[in-house]
Structure formats: C-alpha cells, structure tokens
Amino acid sequence: DDSERLKKMIKDFNIEEDVIIKGFIEYEKIPEALHNADIFVLSSLYESQNMSILEAAFCGLPVVSTDVGIAKEISDYIVPLGDYEALADKILHVINNPVTNYSDLYEKFSLEKCAEGFYQLYLSFSK
C-alpha cells in the first residue's frame, strides 16, 4: 500500500514532525487546508487543467509541479516528469525562497475568462 510505504519513508528520514499526511479532504475544507500549508507540490505524471494547482495558486501558495497540464502557465517551478531529484531540489529551493508571482492568474483563469474561452470554442465548432 502506497500510504504505508510513504509513512515508512517519513519515519526512515526522521521527519515525522515536519510532514503531515491529511489523506482525503472534503471539497468544502480545501481552502482551509491550503491556507494552512506553506507550499503546494504536484508530482503527477499526467494532468490536464488540474484544479488543485489553480486552487493552491489562488490561495497564494508557491507551486512546485512536474511538467503536466497547465502547470507552466501557473508556476516557474516546473520539473521534468519522473525526475524526483529535480523535484526535491525545486521544493527545497522554494522553501528557502518562497516567491510567488500570480499577478495575471485571475485574468487567465477566472471563472468568467474560462467560461468565455469555452463559449468561443463551442462557437467555432458551429461555423
């Protein structure tokens, strides 16, 4: 089981006091969980427009991610897929230099902007 393997790694590295495994978080509690975090890490091998990365950025968290989906449009802290060493290095860099620049995030990814983009896309199919 991946959960048990992760717990063993945390214990082996003696970082039990630094790592909290929350498990499943109900949707209504996500903003609170994000506001209590210091950094957001997405280590997926495949994503499209991942909502969790957007939610984390909208909450002002530094985002570190593998190069999936829209990650490059959100964060400058992107690493190649499967490169766990680069991911660890980038996480440490962000922990030591927690700079975020999301000045155009709302303009690019607001509900209104996304709805308009989908509307225009659908219109283009009807022509």
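This short presentation walks through the structure shown above, from the overall fold to three local details.

Good morning. The model I am presenting is a predicted one. The protein chain contains 7 helices and 3 strands. Read from the N terminus, their order is α-α-β-α-β-α-β-α-α-α. The C-alpha trace spans about 60 × 30 × 25 Å along its principal axes. Of the 127 residues in the protein chain, 26% are buried. The accessible surface amounts to about 9,500 Å², and carbon and sulfur atoms account for 55% of that area. As for contacts between residues at least 6 apart in sequence, 39% of them link residues at least 24 apart.

A word on charge. There are 11 positive and 23 negative side chains in the protein chain, and the centres of these two sets lie 2 Å apart.

I turn now to helix α3, residues 51–58. Which residues are buried in this helix? They are Ile53, Leu54, Glu55, Ala56 and Ala57. The cover over the buried residues of α3 includes helices α2 (30–35), α4 (71–74) and α6 (105–109), together with strands β1 (40–42) and β2 (63–66). After α3 comes Gly60, which has a positive phi, near 85°.

Just ahead of this helix, I would draw attention to Asn50, in the loop between β1 and α3. Is Asn50 buried or exposed? Its relative accessible area is 11%, under the 20% limit, and Asn50 therefore counts as buried. Its side chain makes a polar contact of 2.3 Å with the side chain of Ser52. The Asn50 side chain also reaches the backbone nitrogen of Ile53, at 2.9 Å; Ile53 is one of the buried residues of α3. Leaving aside residues up to four places away in sequence, Asn50 touches Leu42 and Ile70.

My last detail concerns aromatic rings. How many aromatic pairs are there? The count is 1. This pair is formed by Phe118 and Tyr122, with 6.4 Å from centre to centre and 25° between the planes. The pair counts as stacked because that angle is under 30 degrees. Both residues belong to helix α7, residues 111–125, where they sit 4 residues apart, about one turn of the helix. With a relative accessibility of 45%, Phe118 is partly exposed. Tyr122, at 54%, is over the 50% limit and so counts as exposed.

To close, the two local sites can be set side by side: Asn50 is buried, whereas the stacked pair in α7 joins a partly exposed Phe118 to an exposed Tyr122. Thank you.

Notes. Residues are numbered from 1 along each chain as its sequence is written. This is a predicted model: local features need pLDDT of at least 70, side-chain atom pairs count only at pLDDT 80 or more; totals for chains, interfaces and linings use all residues. Side-chain values use heavy atoms; hydrogens and water are left out. Rings of Phe, Tyr and Trp (its six-membered ring) pair if their centres lie within 6.5 Å; planes under 30 degrees apart count as stacked, over 60 as edge-to-face and the rest as tilted. Helices (H or I, at least four residues) and strands (E, at least two) are DSSP runs, numbered from the N terminus. Buried means under 20% relative accessible area, exposed over 50%, partly exposed in between (1.4 Å probe, protein chains only). Contact means heavy atoms within 4.5 Å. A polar contact is a pair of N or O atoms within 3.5 Å; within protein, one must be able to donate a hydrogen and the other to accept it, and residues adjacent in sequence count only if both atoms are side-chain atoms. Accessible areas come from the Shrake-Rupley method with a 1.4 Å probe; for residues, only the protein chains shown count as cover. Lys and Arg count as positive and Asp and Glu as negative; His and the chain ends are not counted. The place of a charge is taken as NZ of Lys, CZ of Arg, CG of Asp or CD of Glu.
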